[in-house]
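Hi,

Here is the structure I promised to pass on. Have a look at it first, and my notes follow below.

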Amino acid sequence: MGGSAPLDRSVIEQIVRGIVGSQVSDVLRSPSSGTCPCKAAKSSSEAPKPEAPKLVVSISARHVHLSDADVETLFGKGYKLTPMKELYQKGFFAAKETVMVVGPERRRMLPTVRILGPTRKQSQVELAFTDTISLGITAPVRQSGKLAGTPGCVLVGPAGVVELREGVIRAERHAHMNPEETKFYGVKDGDRMNLRIDSPCPMLFEGVLVREDPAVRLEVHLDTDEGNASDIDHASKIELFK
Ligand SMILES: [Zn+2]
């Protein structure tokens, strides 16, 4: 199973070429990954005293976060990511660059996975459950950055290959909030909330993790499987509550 036997670069490249030849690219649903801000808000009709923060629910398509070192290995010495599209949270962006993510046994891959910037201390790959099936990998549901014990994968860029020993996760559904927003909802960092989506496929998402940070604004992150299952693109009303 997996193991971290060092991989010869030329071997990987050969394998990858083989896969690329045999697999017509996965259909990229949203090439810029990142956010599809379906603004919801519809502030509850009874007009609460303090003004309700604007509720934004974004679907995070599969993506990769990279360390500076891995950017250089994949794209070349001194290379810096090129911001292509700003995300809802200030300072974050979808990069122009993508990488290929190769699964275990080096048999299957996702050819163009979007990179989100800025760079981080540790590289990380966030996939929806369906993506993990495509890749043939078993990835746990984790909070971003909590990578101990998660499976690795191989990343392939135009200038090189990175073998991650860990870092492949399904991102746990979560709500970014600043302290004013947690106060408004009466929650604190680490609490769990519910997100109800009224749509042709109405759903209640439980266990939405609250992640407080003074630098953010209210935004719930779901993955593509969750967004598709609830047909959030056609939602008529979205509510976040304890
Ligand atoms: Zn998030």
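Strands β5 (residues 93-102) and β6 run antiparallel, joined by 6 bridges. One pair to look at there is V101, whose bridge partner in β6 is L110. The hairpin of these two strands has 6 residues between them, and E105 takes a positive phi near 65°. Keep in mind that this is a predicted model.

β6 (residues 109-120) also pairs with β3 (residues 63-67), this time in the parallel sense and over 4 bridges. On that side, V64 stands opposite I115 in β6.

Now for the metal. The zinc ion is held by three histidine nitrogens: NE2 of H174, NE2 of H176 and ND1 of H221, at 1.9 to 2.1 Å. Along the sequence, the donor residues follow the spacing H-x1-H-x44-H. H174 and H176 are both buried.

Then there is the largest pocket, with a volume of about 600 Å³. It is lined by 33 residues, and those closest to its centre are R120, H174, H176, R211 and H221. The zinc donors H174, H176 and H221 are thus among the residues closest to the pocket centre.

Which strands each supply at least two residues of that lining? They are β3, β6, β12 (174-177), β14 (203-212) and β15 (219-223). The largest share, 4 residues, comes from β15. By type, the lining divides into 12 charged, 11 nonpolar and 10 polar residues.

Cheers

Key: Residues are numbered from 1 along each chain as its sequence is written. This is a predicted model: local features need pLDDT of at least 70, side-chain atom pairs count only at pLDDT 80 or more; totals for chains, interfaces and linings use all residues. Side-chain values use heavy atoms; hydrogens and water are left out. Two strands pair if DSSP finds at least two bridges between them. Donors are N, O and S atoms within 2.8 Å of the metal (3.2 Å for Na, K and Ca); water is not among the atoms, so sites may look incomplete. Buried means under 20% relative accessible area, exposed over 50%, partly exposed in between (1.4 Å probe, protein chains only). On a 1 Å grid over the protein atoms alone, a cavity is a set of points where a 1.4 Å probe fits but cannot get out, and a pocket is an open set with protein on both sides within 12 Å along at least five of seven lines; lining residues have an atom within 4 Å of a point. Grid points are joined across faces, edges and corners, and a volume is the space filled by probe spheres set on the points. Ala, Val, Leu, Ile, Met, Phe, Trp, Tyr, Cys and Pro count as nonpolar, Asp, Glu, Lys and Arg as charged, and the others, Gly among them, as polar.
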